[in-house]
Amino acid sequence: MLEIKNLSYNIVESDKENNILKNINTYFEDGKIYVITGPNGSGKSTLSKIIMGILQPTEGQVFFNGQDITTMSINERAKLGISYAFQQPVTFKGLKVRELLDVASGKKNTVDKLCDYLSMVGLCAKEYINRPLDDKLSGGELKRIELAMVLARNSKLNIFDEPEAGIDLWSFEQLTKIFTSLKNSCNIIVSHQKKILEIADVIILLRDGQIEKIGSLNEISPLLNSRTCHKLQGEKDE
Amino acid sequence: MNNIEQKLLEKIADLHKIPSGAFNLRKNGQAAVRNTTKDIDIRPKKNKSGIDIFVKPNVKNKSVHIPVIITVGGLSDLVYNDFYIGHDADVLIIAGCGIHNNTCKTSMHNGIHTFHIGANAKVKYIEKHVGEGSGSGGKILNPVTKIFMKENSFMEMETLQLEGVTSTIRRTNAKLYDNATLHIQENILTTDEQTAKTQFKVELLGKDSRVEVVSHSVAKDSSYQEFKSDLIGKNQCFGHVECDGIILNKARIVSTPMIDAIDSNASLIHEAAIGKIAGDELIKLMTLGLSQEEAEDMIIQGFLLG
């Protein structure tokens, strides 16, 4: 499905080169949930943005179903079947929820269909479809509509950048249900949240821009709980 | 009416045929068709070009259409339309002007509209301006709107100018008395070498009078837009001006909001933001499969028409 080969991403700040990602090699298979986790600044979101084409890697390649997509634009990747949910949902002046869901799904939807998308994220369609997707909506509402847009696309590969951030308590159980229901696609979730890690088939632990370990939650857990790694959200203090 | 005239009428007034209510069509500088009703009278002015529109007190849920179309080159049209809205009336007024100019001579329409809005009356006023035609002659529209709002009256004014108008100077002056409320939404798109200048002057004279001015402008290519607003608070009142502009290519937008709180109980706010289309908005729409050009178009459409 998706393969990443020898991928690096460097930026130059104040004449100093900063290696955000260093020689990443990994692959993602159909029908599985992958969670990319790691401390803040480990390069998780950067990796997800490179897969979507929002950032271009300094070195290395990205293959999607055997096709080299490294230099493809964002919309070309979207058309191949890659979707992306932003950590900070984007707002627009004047564009309505219904218009954005129509663009996402590639067709003009009936109210019933829009209702299906929005009810999956716990929203009542009638209250939302004609509202502008602007900052008058709460952070939680924006986040759910962001998820609904990805669901409306019915893509082969879905990328969710910290989907739990800012979401209200509608919430976690429904969110994890959504991810586990997406069985026909490959799903990559950037997350710190313990409950999200628990539904992962594979966890990729990043540290300082490198893959420290790839494995199941049991295999990764000792590293997560070590002093040198981050503390998961939702985890009780010992 | 020929095909060009019919299409202009659709664009500026959403009219597919002559409506059954009060109506006045001005075509190429002359009154063409006029309907009056028992509630709304339209009379031609005696000493200058234009009409007086009288809406009787207490008339509810009625509409008046007063479109202007120009389909010839080299015409300079000046018209005075005065509206007298009776107390407690509730009306929708649809104006607008369309110029279709296939010639090399400039055509121009200067519409001076004055609204006298009675106590407790409610008015929604929609004005669309369109320029089109293959000729090199200018399509110029210079509307002036004067508004006098009595106690507890309410007015909502929507103006929309999309592509095609070579140049425009739009002036709006309003005086609001006790508890009167005025909402203005102005949306303008300019392209090529077009210019659009708008000036608002609103005097909040009455206690608890309120005004809200929202301007959304998009300037493309080498076009130029100017937005000037002047809110003057002479009583306990509230005023808010918001000017949002999107610039593309080599276009320029200048915004000059001025607020003057003469009374210490006046509360006046202005906000202005001009810039390119936000990069994250483009990226978001591209992740949904739109090209950059399609994403730009969708954002501009939503910004102007949403």
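Tutor: Two strands count as paired when DSSP finds at least two bridges between them. This is a predicted model, where local features need pLDDT of at least 70 and side-chain atom pairs count only at pLDDT 80 or more, while totals for chains, interfaces and linings use all residues. Residues are numbered from 1 along each chain as its sequence is written, with chains lettered from A and ligands numbered from 1 in the order in which they are written.

Student: How do you know that β1 and β4 of chain A pair?

Tutor: Strands are DSSP runs of E, at least two residues, numbered from the N terminus (helices: H or I, at least four). β1 (residues 2-13) and β4 (residues 59-64) of chain A share five bridges, running antiparallel, and the bar is at least two, so they pair. Leu2(A) sits opposite Phe64(A) in β4(A).

Student: What makes β2 and β5 of chain A edge strands?

Tutor: The order in this open sheet of four strands is β2-β1-β4-β5 (chain A), with antiparallel pairing. β2 (16-28) and β5 (67-68) of chain A each have a single partner strand, so one side of each lacks a neighbour in the sheet.

Student: Which residues of helix α7 of chain A are called buried?

Tutor: Leu175(A), Ile178(A) and Phe179(A), in α7 (residues 172-181). Each therefore has 20 or more other C-beta atoms, placed from the backbone, within 10 Å of its own (exposed: 12 or fewer; partly exposed: in between).

Student: Why are they on the same side of α7(A)?

Tutor: Their arc, taken from the directions from the helix axis to the C-beta atoms, is only 95 degrees, so they share a side of α7(A). On the other side, Glu173(A), Lys177(A), Thr180(A) and Ser181(A) are exposed.
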